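Me: I should like to learn how to read a model in which protein chains and DNA strands appear together. Could you take me through the features in turn?

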There are 2 protein chains.
Amino acid sequence: MAKQPLIIMRPESKGLSYDRPAASQIFGFIRDAIISMELLPGQMISETALAQQFGVSRTPVREALIQLSNIGFVEVLPQRGTYVSKFSMEKILEARFIREALEVAVVTQLATNPDEAVRSEAVDACEKIIADQKTAAADDDALAFQNLDDNFHQTLAGFTQYPRVATFIEAEKAHMDRVRNLSLHVSGQYKRVLSQHSAIIKAIKAGSAEKSAAAMSVHLKDVYNILEVIPQEHPEYFV
Amino acid sequence: MAKQPLIIMRPESKGLSYDRPAASQIFGFIRDAIISMELLPGQMISETALAQQFGVSRTPVREALIQLSNIGFVEVLPQRGTYVSKFSMEKILEARFIREALEVAVVTQLATNPDEAVRSEAVDACEKIIADQKTAAADDDALAFQNLDDNFHQTLAGFTQYPRVATFIEAEKAHMDRVRNLSLHVSGQYKRVLSQHSAIIKAIKAGSAEKSAAAMSVHLKDVYNILEVIPQEHPEYFV
DNA sequence: ATCCTACCCCTTGCATACTAGTGGGTCAAG
DNA sequence: CTTGACCCACTAGTATGCAAGGGGTAGGAT
């Protein structure tokens, strides 16, 4: 990995709240910086430099980095340095596989939920998000569109009553979002995603586990479109 | 949670290897102790006491505990203490749900794998494990039987080529194994598990995604049998 | 010119010390 | 005897310093 000791985090992001553990806050800052590609794959992260930037000691920074390495966002090489994880086709496909497994289970459970009220509540919430996404698409607001996409999937997962499911989905999704943030404007993305989301909701509304699962599966295979382009466009970010 | 500052770890488990990070080794020790119920749910874990027992400082112990809290094995209450997580019906069902989602995806992928050689290799490996399990069942060796069960599921997951899938399955399984270790001898367990494992392999051999998924799903719902008994037998370990 | 070696700087891993906050136990007052 | 306040012991969170090892660079030898 290329050694780039320069850290690009904003000085104002030093603002740590005093009523929460510093390590936890730093974890969030760095995670968001990695997802949004402020910190680039392969870039070196210095514990010392980060500690200075946040105005704390190395200890909380170090604890944050350990957690980031647990979720695969950074790689700690003892005595050598800590680096933002590069992309690899294997890891992206792996994240996609895990996410599909979980999200298929989510919609399957939801579609077969005997409580009609829960189903219609979920459908209503998601249809509202889809409507907002149509607006975002009309405005060509890619960021808002992606945030709503997050919202859509988190809302669905929320109806399982298993909070860790939503957490896992978010974590796996983040790995792909990192790639996606390299090229927000893929032709026809809005229209495809919208129709896929609608298909999922339609299947849930119909109470069909098979169709829900199939629709979700199709939706999550959509990243393949991006993966055919990005690695050639940005080989420097891949291992 | 009850305060029990006594730590029951064996003195000989102090043996830490010098060629691996201490934090990682300590993590493994404590995790195994929790799964095997050496450390009981609700019991307090003192960073200082553990550090003394392992002959290291608080720092690596603390880093291990952070990772254990990430996988839900301990709960860190700031300025109050770190405690072994108690069981809760919600968390167990959640772990079961996540595990089923992943394992269903695993057998589905395997059953539909176009490469016949891979399928038969997986089937052979699993059938060997099932044979060993029959022996363990005949010997009434519950520990060996459970280790082989672990083996069975890890072997299946290994054929996805996605290492994190196996890791996740192992982690979620561990939450249930903790409960299972409270009562290793559930009547008829051996026979049921064996027939379920066989059914899974048979479906994979037949190349049927639906039957494989269904068989795995049935198998993983078997824990419900235990969950009807354990909470009443050991209410002190549940929240 | 090229290769090899020694050194130095920078990295993470670990140890130790200090801070702040919680809970329990004790003692005094009602 | 009960109740309340205060104090102390112990907790996790953070700061700092030291140890061990890898890598690049400079300089000397070939």
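Reply: The dialogue below treats the sheet, the contact between the chains, the symmetry and the surfaces near DNA. Please bear in mind that this is a predicted model.

Me: Let us begin with the sheet. What is the order of the strands in the open sheet of chain B?

Reply: In general, strands of a sheet pair through backbone hydrogen bonds, either parallel or antiparallel. In chain B, three strands form an open sheet in the order E1-E3-E2, and the pairing is antiparallel. Strand E1 (44-45) and strand E2 (74-77) of chain B are the edge strands, each pairing on one side only. Between E2(B) and E3(B) there are four bridges in the antiparallel sense, and Leu77(B) stands opposite Gly81(B) of E3(B).

Me: Which helix packs on that sheet?

Reply: H3(B) does so, touching E1, E2 and E3 of chain B. The direction of H3(B) makes about 115 degrees with that of E2(B).

Me: How many bridges join strand E2 and E3(A) in chain A?

Reply: Strand E2 (residues 74-77) of chain A pairs with E3(A) over four bridges, in the antiparallel sense. Leu77(A) has Gly81(A) in E3(A) as its bridge partner. E2(A) and E3(A) form a hairpin, with three residues between them. In the turn, Gln79(A) has a positive phi of about 65 degrees.

Me: I now turn to the contact between the chains. How many residues of chain B are in contact with chain A, and which helices supply them?

Reply: One may read an interface by its residue count, then by its elements, then by its chemical classes. Here 16 residues of chain B contact 16 residues of chain A. Helix H3 (58-70), helix H4 (89-111) and helix H7 (163-180) of chain B each supply at least two residues of the side that touches chain A. H4(B) provides the largest share, seven residues. By class, this side of chain B comprises nine nonpolar, three polar and four charged residues.

Me: Why may one say that the copies meet through the same surface?

Reply: The copies meet through the same surface because 100% of the interface residues of chain B are also interface residues in chain A.

Me: What rotation superposes chain B on chain A?

Reply: To read such a relation, one considers the rotation together with the shift along its axis. A rotation of 180 degrees with 0.0 Å of shift superposes chain B on chain A, with an RMSD of 0.1 Å. This is the relation of a two-fold axis. Within chain B, the C-alpha nearest the axis belongs to Ala101(B), at 2.7 Å from it.

Me: Finally, which residues come closest to DNA strand D?

Reply: A surface near DNA can be read in the manner of an interface. Around DNA strand D there are 19 residues, the closest being Ala22(A), Val56(A), Ser57(A), Glu47(B) and Thr82(B). Two or more residues come from each of helix H1 (22-35) and helix H3 (58-70) of chain A, and from each of helix H2 (47-54) and strand E3 (81-84) of chain B. H3(A) gives the most, with three residues. By class, eight residues are nonpolar, eight polar and three charged.

Me: Which residues come nearest to DNA strand C?

Reply: Of the 19 residues around DNA strand C, the nearest are Glu47(A), Thr82(A), Ala22(B), Val56(B) and Ser57(B). To the surface near DNA strand C, H3(B) gives the most, with three residues. That surface has eight nonpolar, eight polar and three charged residues.

Notes: Residues are numbered from 1 along each chain as its sequence is written. Chains are lettered from A and ligands numbered from 1 in the order in which they are written. This is a predicted model: local features need pLDDT of at least 70, side-chain atom pairs count only at pLDDT 80 or more; totals for chains, interfaces and linings use all residues. Two residues are in contact if their C-beta atoms, placed from the backbone, lie within 7 Å. Ala, Val, Leu, Ile, Met, Phe, Trp, Tyr, Cys and Pro count as nonpolar, Asp, Glu, Lys and Arg as charged, and the others, Gly among them, as polar. A residue is near a molecule or strand if its C-beta atom, placed from the backbone, lies within 6 Å of it. Copies are superposed by least squares on the C-alpha atoms of residues with pLDDT of at least 70 in both. Two strands pair if DSSP finds at least two bridges between them. Axes are lines fitted to C-alpha atoms, for helices over the stretch in contact, and angles run from 0 to 180 degrees between N-to-C directions.
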